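I opened a fresh notebook page today to keep track of what I looked up. Come along and check each entry against the picture.

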Amino acid sequence: MSVRSSTATAASVADSVWRPMARHLAEQLDADGDLHDPRWREALLEVPRHEFVPRYYLQEEKPPDRRPRRWIAHEPHDPDSTRRWLDLVYSPTTLVTELADYAGRGVQAPVSSSTKPDLMIRMLEALQVTDGHRVLEIGTGTGYNAALLTHRLGGDHMTSVDIDPDLISDARCRLDRLGYTPTLVAGDGAAGHADRAPYDRIIATCALSCVPLAWIDQLRPGGLALVHIEGPLGAGNLAALRRLPDRPAVEGRFLPWWGCFMRRRTAAGPTVDVPRPRRTTELPTTRTTDVDPAELDGGKGFPFLAQLYLPSGMYRAITLHDQTPVTELRAPDGSWCHITHEADADGLHGVREAGPTPLIERIEDAWHRWQNLGAPPWHEFGLTATATEHHVWYRDPHSGPRWELPVPRIPSPRQP
Ligand SMILES: C[S@@+](CC[C@H](N)C(=O)[O-])C[C@H]1O[C@@H](n2cnc3c(N)ncnc32)[C@H](O)[C@@H]1O
C-alpha cells in the first residue's frame with residue numbers, strides 16, 4: 001500500500017517569493033561548481049520546484065524504543081511551515097515524496113523523491129544535450145526533472161516513464177499547469193518507450209543492476225545513456241554510456257563524482273527486497289583480515305569492485321554480534337562471514353566464516369587488486385554492455401583488466 005503524495009496543488013507562492021530563492025539556489029550551485037551551462041541556469045530559474053513538491057517526508061529522530069524510525073509528512077499550512085518548506089525546496093536537498101509498504105509489514109519506505117538539484121543539474125550537464133535532441137527519462141517521480149528538460153528542449157522532444165501510474169498522473173497535472181507537455185508514460189522503464197524511439201539521450205533517475213536491452217535498441221548510434229549501475233551489494237555509480245555505431249552495445253566510463261539513487265522497482269515492489277540467503281549451519285572457523293569492513297560502505301569504487309569478486313545474489317548487513325558491530329555477508333550457497341568493525345592493536349579485524357565459498361578471501365583479493373591499481377577514482381573504470389554480457393574495465397575497454405558484472409535477467413521486451 002502506498003502513501004499518496006497529495007495531488008493537491010502546492011500552496012500558492014508569489015513570484016516575488018520563490019524566484020529570489022531559485023536564484024539563490026542557482027548561485028549556490030554555481031559557487032559549488034555544479035552549474036556551468038547558462039541554459040540549465042535559465043531552466044533552474046524558470047521552473048518552480050515547489051510546484052512539484054507540495055509535500056515531503058522526513059524521518060523522525062531515533063526513537064527511544066527499538067521500533068523503526070517513522071517518516072513524517074511535512075506540508076505548508078501556516079507562515080512558519082511555508083517558510084521551512086520553501087527553504088528546503090530551494091536547497092540542494094533530496095526530498096522524499098512517496099512511501100510504500102510493499103512487504104506488508106507495516107513499515108513504510110521511500111519509493112519516490114525529488115532528487116537533490118545539485119546532483120540533477122550535474123547529471124543534466126553530463127547528458128550533453130543540444131537543441132533538437134530527443135530524451136527519454138526513466139523515473140518521472142514528481143515531474144520536476146522532466147520539467148527542466150522540457151523547458152530546455154520542448155515537449156515534443158521529451159518522454160518520461162514511471163512505474164507508478166499515480167505519480168504519472170500527479171506529474172501530468174503539475175506539468176500541464178505550467179504549460180509543459182512532455183509525453184508521460186506509466187510502465188516499467190526497463191522497456192523504454194519504443195513508440196517515440198530513437199532517442200539521442202536516456203537518463204535514468206533510479207538505479208539498475210544492468211542496462212536493459214530495450215534502451216540499447218532505442219538509443220540512436222552515438223547517443224548517450226546516463227545510468228546508475230549497481231551490483232548485488234548495492235554499490236554503484238552513474239555511468240555515461242555511448243551507443244556504439246557498429247553493434248547493439250553501449251560503452252563508457254563511470255562519472256568522476258558519485259551519485260546515489262533508489263533502486264528500480266517492479267509493479268510487485270522494490271527489486272532490493274530479495275530473500276536473504278540462508279546461512280549454513282556448519283561450524284564457523286575464525287581468522288583475521290587487514291580489510292576494514294567500513295571500506296565496503298560509501299561511494300568509492302572499492303565496494304563496486306568487491307562485488308565483482310563475489311557470487312551474485314549476495315546479502316550484506318551491519319549487525320551486532322556479542323555487542324560488537326560486524327559486517328555480515330551471506331551467499332546463496334549458504335556461505336557466510338562476519339567481519340568485526342573494530343580493529344585489534346595490529347590493525348586487523350576478526351573474521352568468523354563458514355560454507356563452501358571463502359567470502360573473505362574474495363574480498364581480500366578485490367582489496368589487494370584495488371590497492372595494486374592505486375585505489376583508482378571512479379572514472380578510471382568503465383562498462384561495456386550488450387544484450388548478453390556486461391563487462392567492467394579499468395582504463396581501456398580492450399586492453400585493460402576487466403571483470404564480468406553478473407547481469408540478472410531484467411524483463412526487457414524487445415519491441416516488435
Ligand atoms: C529518485 S525518483 C525520480 C525523481 C524524478 N526524476 C524527479 O525529478 O522528481 C525515482 C523514480 O523512479 C521510479 N521508478 C522506480 N522503478 C521504476 C521502473 N521500473 N520504471 C520506471 N520508473 C521507476 C520511482 O517510482 C521514482 O518515482
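My entries below go from the whole chain to the ligand, and then to single residues.

**Entry 1: the overall layout**

I noted at the start that this is a predicted model. I then looked up how the protein chain is divided, and I found domain 1 (10-187) and domain 2 (285-372). Next I asked how many Å separate the centres of domain 1 and domain 2. Taken over C-alpha atoms, the answer is 37 Å.

**Entry 2: around the ligand**

I wanted to know how many residues surround the ligand. I got 24, and the closest are Ser 112, Thr 142, Asp 162, Gly 189 and Arg 265. Sorted by class, this shell has 7 nonpolar, 12 polar and 5 charged residues.

I also checked which helices and strands take part. At least two shell residues each come from β5 (109-114), β6 (135-138), α5 (144-153), β7 (158-162) and β9 (199-208). Which of the elements gives the most to the shell? I wrote down β5, with 4 residues.

**Entry 3: polar atoms facing the ligand**

Here I looked at distances to nitrogen atoms of the ligand. For Asp 188, a polar side-chain atom lies 2.8 Å from a ligand nitrogen. Gly 139 uses its backbone instead: a polar backbone atom there is 2.8 Å from a nitrogen atom of the ligand. For Thr 205, an N or O atom in the side chain is 3.2 Å from a ligand nitrogen. I then looked up how much of the ligand is covered: taken alone it exposes 600 Å², and the protein buries 99% of that.

**Entry 4: helix α5**

Since α5 supplies part of the ligand shell, I went back to it. Is α5 mostly covered or mostly open? I found it mostly covered, with 9 of its 10 residues buried. Among the buried ones are Tyr 144, Asn 145, Thr 150 and Arg 152. Right after the helix comes Gly 154, with a positive phi near 95°.

I picked Leu 148 in α5 for a longer look. Leu 148 has a relative accessible area of 0%, so I put it down as buried; the cut-off for buried is under 20%. Leaving out residues up to four places away in sequence, Leu 148 touches Trp 40, Ala 43, Leu 44, Val 47 and Leu 124. Val 47 is 101 residues away from Leu 148 along the chain, yet their C-alpha atoms are separated by 6.6 Å.

**Entry 5: backbone oddities**

I kept one general rule in mind: most residues other than glycine have a negative phi, and most peptide bonds are trans. Then I looked for departures from it.

The peptide bond from Ala 197 to Pro 198 is cis, with omega near 0°. I placed Pro 198 in the loop between β8 (183-186) and β9.

Gln 323 is not a glycine, but its phi is positive, near 70°. I found Gln 323 in the loop between β16 (315-321) and β17 (324-330). Is Gln 323 buried or exposed? Its relative accessibility is 71%, so it counts as exposed; the cut-off is over 50%.

Arg 395 is another non-glycine residue with a positive phi, about 65°. Arg 395 sits in the loop between β21 (390-394) and β22 (402-404). With a relative accessible area of 48%, Arg 395 is partly exposed.

**Entry 6: neighbours at the start of β19**

Last, I compared Leu 348 and His 349. Leu 348 is in the loop between β18 (336-343) and β19, whereas His 349 belongs to strand β19 (residues 349-354). Leu 348 is partly exposed at 27% relative accessible area, while His 349 is buried at 4%.

What does the side chain of His 349 reach? I found the backbone oxygen of His 341, at 3.2 Å. Residues up to four places away in sequence aside, His 349 touches several others, including Arg 287, Val 291, Pro 293 and Ile 339. On the same terms, Leu 348 touches Thr 288, Thr 289, Asp 290, Glu 342 and Ala 343.

As a final check, I looked up Leu 348 and Trp 215, which are 133 residues apart along the chain. Their C-alpha atoms are separated by 45 Å.

How values were computed
Residues are numbered from 1 along each chain as its sequence is written. This is a predicted model: local features need pLDDT of at least 70, side-chain atom pairs count only at pLDDT 80 or more; totals for chains, interfaces and linings use all residues. Side-chain values use heavy atoms; hydrogens and water are left out. A residue is near a molecule or strand if one of its heavy atoms lies within 4 Å of it. A polar contact is a pair of N or O atoms within 3.5 Å; within protein, one must be able to donate a hydrogen and the other to accept it, and residues adjacent in sequence count only if both atoms are side-chain atoms. Accessible areas come from the Shrake-Rupley method with a 1.4 Å probe; for residues, only the protein chains shown count as cover. Ala, Val, Leu, Ile, Met, Phe, Trp, Tyr, Cys and Pro count as nonpolar, Asp, Glu, Lys and Arg as charged, and the others, Gly among them, as polar. Domain bounds come from an automatic or database domain assignment. Buried means under 20% relative accessible area, exposed over 50%, partly exposed in between (1.4 Å probe, protein chains only). Contact means heavy atoms within 4.5 Å.
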